Structures are given as structure tokens and as C-alpha cells.
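New to this one? Take a look at the model first, and then we'll walk through a few of its helices and charged pairs together.

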Amino acid sequence: MSNVPLDHVQQNPFLRRSVVKNNIRVSTLVFLAFSTLFFARLTVVIGAPSLVNFLHFITVPAAFGFSLIHFSPYDKNHSNIVKLGIFGLFLLLLVTTISAFINDAGVINIGANFMLLSEPFIFLIAFICMPMNLEKIQFWRTWIVRLSFFHIGWSAVQFVLFLIMGVPPPVGGWPADNPDNIQGIFFHSYGGHVIGGSVSLTFGIYYFIFFKQVPLWFRSFVMLATIWLCNVADAKQSLLGLLVAACLLVVTKSKQGAQAIKYLAGLSIVLTILDWARRNVPAFSAFNTWLRPEIYVPGGEARVLKGATFRVVSAYQESVFNLLFGLGPGHTVGRLGGWMMDSYWHLLGPLGATVHPASRAVWAEISASWLGDQSSMFSPMFTWAGIWGDLGLMGLFAYFFLAYIVWRYLCVDDFSKFLLLCVFVFGFILSQVEEPGYMLYVAVLIGLQWHEQQVNARSSALLF
């Protein structure tokens, strides 16, 4: 229907009904794609098969395809953004395929690695293709608020059950006093406490800034509650990541004096409070794990361990093609090669998945380091190292090209830019950038801010 002039649609009741029907289908599919991801873990806990965890790999591309078929752009700029996004996705897929061809990686490696990296961009394109008005924006915001409060509430319940009452988790064999069990709706997933903590903190900031119709005391309480939950869940790197992203946002405002000073003042207050808390509040003492200057000097253990991937992968590179296109998708330390190949080999192996000794070599470096099990902050298995190892310099270029499109055309306010900077920072910590639970949450918030700006712009145009 995108090729049918809007005025012709408005004059023809049959076309108008068809457009409305298709718009409802697009909205439903996008909503279904989002929901299948965020409730997958809970459904598995109550007895659904583990394959439910992978259902979003079907629903997200389906929503993407259907939204493109029925895409009706607001204007030429809207159309160009979608075209740029599709080109960026094609570029990432092309680089992944070339890398697989050079390194004899399996076809399943191509598909799995591409989806892990591209899924948030695929979803975001589908989301901005979805027709929106203020009523639909409010629907999505209400849904996000309810989902987030459910996640926070469920995290609090887990805290009570696992840490105070000592009740073991309903699934698995983790010890009842392990703070990593506090994962909210991402329960029973590796690193779920970090994903859950990041989602909680993101919502706390979002709720505090944009829901001004809610009393200040309650918004403040919600934000403090998310910080508390993040801390008791031992997801302190989530809080650090957001603080570093806030610092980067201040840097981007260096040419806007008054606003930069405003942001810097607020950030200074937060950092001062956090510094006081780590010195005086036992619950925040875990932050002192990172404050050991001797491990950061040249030759210090933190620097040696963090750089292990670059040493190991470089040793396996045999030509300039490996420098440009890596050792193959899923062959080094991305989420696929670093974690999923071992956990899901019973599913991926029969499909022709391939592995590379570089992954095991990096794990051996972690096991040999006395710092390896102290904090994921020191892990050499972080997303940017994984993309470089798997797909080389061209892989990094393709990914950051997609990120640039989002920054340049979809981040319409400072909050959206802050979210993307958070993603950038988390890419240096572990594989959170490849975790769809966190990334699709960020994509929805960026998409909602963009849609609201578009709706307001169209309303202003009508007034004049």
C-alpha cells in the first residue's frame, strides 16, 4: 500500500479499510515479537520447552518483513532512514558471509551470529515502520511501564526468597545465597542479573525523566529502588556503565555551555554520593573490587587479561583477510563462540555449526588468571573484541555503520543518545550488546522517542 497516494487512500473507503487492517497486523506482529522475547524465560521456568527462548529469532524477522511490505513512509526522510538501515543490515550480512567463506564456518554460524548482532536493528526498523499516533505511543509506554514494574517486583520477590528465606530456585542447582539469581523476568539465564539490572536502571531513569505527571517522591523512590536492586543483584557493572555513558553524553555537550554545566552538575552529585556510599555503606563495598591501581599499570593483571583476546586471535591470523574479516562468525569470543556453542551444541552441532580453537584458548587465559573470576569487567570476552575476532575490521565497520544510522537519524533527544552510549560502553564489558533482552528494550525506548518527535512535528505542520 506504500505506493498508493495518501489522498487516494483517504478518498477510497475500501483502500482505507485495507490500510487500517494492515496497520493493525503490523502493530500486532511487532508487539508479539517484543513480548515473545521478554516472557520467554518465565515460560520456560514454568515448564515450556527451552526452544521457546529462541522464538524471537522467528517473530522479530517476521515482524520486520511484514512491516516492510506494508510500509507507508511519513515523508522522504522516513523512507531514506529505512533504506539506510536495510543497506546497513545487508552490509553486516555480507561481511559475515565473506568471513564464513574465508574461514570455512558453518552456514548456521552465519545465521546465528548475524541475528545476535543485527536483531535490535531489525526490530528498530520494524518499529519505526509501524504507523504511530499519540494513542499508540501511549499504549506502548503503558506496556513498558507495566512490564518494567513487573520485572522490578519479580526481582524484589527473588531477593526475598533467595537471600532472606534461603529458598532454593525452582529450576537449576544454584545456591540460594547467590546474588546472581536476582534476575527478574530474565531468570535462569547466564548473566541475567546484569541484563535485569541494566533494564531496571534504564527504566528508573526513563520513568523519572518522562513521567512528570507522577509525584516526584514516587519517581525518586522508583529510581532508588532500581539502584538498590542492581546492587543487591551484584550487577554493579550496569551502574558503572550508565555512569560512564553519562560522562560521554556530557562530552558531546561540550559546545553547549549551559546544558553541559547542567549535566555536569547532576553527574557530579551522583558520583559524589556513590563514592561516599562505597566508602561507608557495606552494601556498596563491592565497587572497591575495581579500585586497585596496581592491576591497571602496564603489565598489570587487569590489562593483561582484558587484552587476551587480541593476543590469542592475532596468533591465529594467517593473512590480511583474517585482519579484515576475522576468524569466522562464532569462532572467537562473541556470544555465539564464547558461550552459546558450548551451551547449545546439542542443537547447533547437528545443524553443521563449526568451532575454532581460539575460543578455548581465550577461556584458558581466563582460567589461568587470578582475576578471571572476580568481575566480568576484566573479561576479555566482550562484544567489540568478539566482533573484531569473528568478523575483523570490516565487521566492526559494518556494525558501527548501523549504530551511526541510529545515532544520526533516530536518536532525536539526549535520552536516546544516552541509551546508545550505554550500549557502546557495555560493549567493552561483556556480551551484553548481544543480549536481545537488553537491546530490544533500548530499541523500543529509542523508537518511541523518535515516533513522538515525528507525531509532534506533523501536528505542528498542520497548525501552520
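## A good place to start: Arg141

Keep in mind that this is a predicted model. Leaving aside residues up to four places away in sequence, Arg141 touches Tyr206, Phe211, Leu448, Gln449 and Glu452. Arg141 itself sits in helix α7, which covers residues 134–164.

Is Arg141 buried or exposed? With a relative accessibility of 11%, Arg141 falls under the 20% cut-off, so the residue counts as buried.

One of those neighbours deserves a second look. Arg141 and Glu452 join their side chains in a salt bridge, at 2.7 Å from N to O. Since Arg141 belongs to α7 and Glu452 to helix α20 (residues 436–463), this pair ties together parts of the chain that are 311 residues apart in sequence. Glu452 has a relative accessibility of 22%, so that residue counts as partly exposed.

## The other salt bridges

How many salt bridges are there? The count comes to 4. Besides the pair we just met, here are two to look up.

Glu435 forms a salt bridge with Arg335, and the closest N and O atoms are 3.4 Å apart. This one also links distant parts of the chain: Glu435 is in the loop between α19 (414–426) and α20, Arg335 is in helix α15 (residues 335–343), and their positions lie 100 residues apart in sequence. Both Glu435 and Arg335 are buried.

Then there's Arg360, which pairs with Asp342; here the closest N and O atoms are 3.1 Å apart. Arg360 is part of helix α17 (residues 357–368) while Asp342 is part of α15, so the bridge ties together parts 18 residues apart in sequence. At 54% relative accessibility, Arg360 counts as exposed. Asp342 has a relative accessible area of 48%, which makes this residue partly exposed.

## α8 alongside α9

Now for some helix packing. Two packed helices are described by the angle between their axes and the distance between the axes. Helix α8 (residues 192–210) and helix α9 (residues 216–232) have axes that come within 9 Å and cross at roughly 165 degrees. That angle is over 145 degrees, so α8 runs roughly antiparallel to α9. The crossing is left-handed.

Which residues make the contact? On the α8 side they are Gly197, Ser200, Leu201, Phe203, Gly204, Ile205, Tyr207 and Phe208, and on the α9 side Leu216, Phe218, Arg219, Ser220, Val222, Met223, Thr226, Ile227 and Cys230. Sorted by class, that gives 11 nonpolar, 5 polar and 1 charged residues.

Asn231 is another α9 residue to find. Its relative accessibility is 13%, so Asn231 counts as buried. From C-alpha to C-alpha, Asn231 is 8.2 Å from Gly197, though the two are 34 residues apart in sequence.

## α8 alongside α19

Helix α8 has a second partner to look at. α8 and α19 pack at an angle of about 165 degrees, and their axes are 12 Å apart. That makes α8 roughly antiparallel to α19. The handedness here is right-handed.

Where do they meet? Ser198, Thr202, Ile205, Tyr206, Ile209 and Phe210 of α8 meet Phe415, Phe418, Leu419 and Phe426 of α19. By class, the contact has 8 nonpolar, 2 polar and no charged residues. Tyr206 may ring a bell, as one of the residues touched by Arg141.

How values were computed. Residues numbered from 1 in each chain as written. Predicted model: local features only at pLDDT ≥ 70, side-chain atom pairs only at ≥ 80, totals over all residues. Heavy atoms only, no water. Axes fitted to C-alpha atoms, helices over the stretch in contact; angles between N-to-C directions. Helix = DSSP H or I, 4+ residues; strand = E, 2+ residues; numbered from the N terminus. Parallel < 35°, antiparallel > 145°, perpendicular 65-115°, else oblique. Left-handed = near helix turned anticlockwise from the far one by under 90°. Contact = heavy atoms within 4.5 Å. Nonpolar A, V, L, I, M, F, W, Y, C, P; charged D, E, K, R; others polar. Buried < 20%, exposed > 50% of the residue type's maximum accessible area, 1.4 Å probe, protein only.
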